[in-house]
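Grab a coffee and work through these short exercises on one protein model. Try each task yourself before you read the solution.

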Amino acid sequence: MILTFYKYQGTGNDFIIVDNRESILSKNNTKLFARLCDRKFGIGADGFMLLELPQNEEDDFTMVYFNADGNESSMCGNGGRCLVAFAAFLKIIKDRATFTAIDGKHHAEIKNGLVYLQMQDVTEIKRYDSHMFLNTGSPHHVAMVEGLSNYDVTAIGRKIRNGAPYFEAGSNVNFVEKKNENLFAVRTYERGVEDETLSCGTGVTAVALSMHASKLTDNEEVSIYTLGGELKVTFNSTKDGYENVFLIGPAEQVFKGEIEC
């Protein structure tokens with residue numbers, strides 16, 4: 001079959017997206033998704049997404065996300081932002097969206113060329129001597145480091161991702177350096193990609209909340225520099241954790257193509 005696909009990127013985090021409202025692809029075809037994400041033998045991407053029909057009346061569409069290894073994944077923040085932009089391109093939505101992903105319902109808005117994606121509330125952040133751990137739709141290990149630009153993210157990230165207490169289930173691993181009161185730089189090793197990516201939306205969200213929880217910033221709007229560009233995270237701090245969490249940044253269609261499957 002000839003498959004029509006779209007390539008999107010959000011601060012360098014890139015995705016293959018297929019309009020699957022007519023069920024042209026089976027969600028069980030994980031080997032195909034992995035092959036298409038391969039940068040040598042396929043299209044190349046950090047992840048593969050299907051935009052499907054809504055399962056609930058209040059939704060505009062459903063998000064189904066697969067890692068580059070072909071396995072269905074936990075939530076992807078940048079992927080969610082790109083899918084909202086894709087839904088606007090298809091005229092499914094205008095500037096507001098409600099959709100369901102693997103971690104539940106999300107609301108989003110497109111304003112001034114940026115996609116504002118509401119993430120799940122976070123009620124638990126575990127603190128350790130060397131790092132913090134939390135789930136922002138995906139699990140994230142967050143550690144402060146010095147000399148981030150020269151840090152061996154791939155080697156050290158892979159070791160943490162596969163080691164105790166994560167083992168086979170794994171965790172995404174974020175290395176953070178504070179630039180000023182409201183600005184942090186982060187580099188992320190992503191499970192499923194099994195390498196460093198230029199940006200990670202759930203990782204950026206985890207970093208912003210961790211920095212506030214650890215008193216490294218008092219602001220409830222935090223800017224995060226990734227290798228692929230700048231993202232912002234806004235939130236409300238409560239006695240129970242964090243709510244009204246929004247991941248904010250650009251999402252761009254790179255190209256449309258066809259490939260024989």
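**Exercise 1. Place Asp46 in the fold and work out whether it is buried or exposed.**

Step 1: Asp46 sits in the loop that runs between helix H1 (30-37) and strand E3 (47-52). Helices (H or I, at least four residues) and strands (E, at least two) are DSSP runs, numbered from the N terminus.

Before going on, a word on the ground rules: this is a predicted model, where local features need pLDDT of at least 70 and side-chain atom pairs count only at pLDDT 80 or more, while totals for chains, interfaces and linings use all residues. Residues are numbered from 1 along each chain as its sequence is written, and side-chain values use heavy atoms, with hydrogens and water left out.

Step 2: Asp46 counts as buried because its relative accessibility is 7%. The cut-offs are under 20% relative accessible area for buried, over 50% for exposed, and partly exposed in between (1.4 Å probe, protein chains only).

Step 3: Now look for partners. The side chains of Asp46 and Asn13 share a polar contact of 2.8 Å (a pair of N or O atoms within 3.5 Å; within protein, one must be able to donate a hydrogen and the other to accept it, and residues adjacent in sequence count only if both atoms are side-chain atoms).

Step 4: Skipping neighbours within four places in sequence, Asp46 is in contact (heavy atoms within 4.5 Å) with residues including Arg39, Tyr65, Asn67 and Thr197.

**Exercise 2. Do the same for Leu231, and find out how far its C-alpha atom is from that of Gly201.**

Step 1: Leu231 belongs to strand E15 (residues 229-238).

Step 2: With 0% relative accessibility, Leu231 counts as buried.

Step 3: Leu231 and Gly201 are 30 residues apart along the chain, and 8.3 Å separates their C-alpha atoms.

Step 4: Beyond its neighbours within four places in sequence, Leu231 touches several residues, among them Thr11, Val204, Ile224 and Leu247.

**Exercise 3. Zoom out and describe the whole protein.**

Step 1: Count the elements: the protein has four helices and 17 strands.

Step 2: Its radius of gyration, taken over C-alpha atoms, is 17 Å, close to the 18 Å from the globule rule (2.2 Å times the number of residues to the power 0.38) for 261 residues, so the protein is as compact as a globular protein of that length.

Step 3: Of the 261 residues, 53% are buried.

Step 4: Among contacts with a separation of 6 or more, 60% come from residues 24 or more positions apart.
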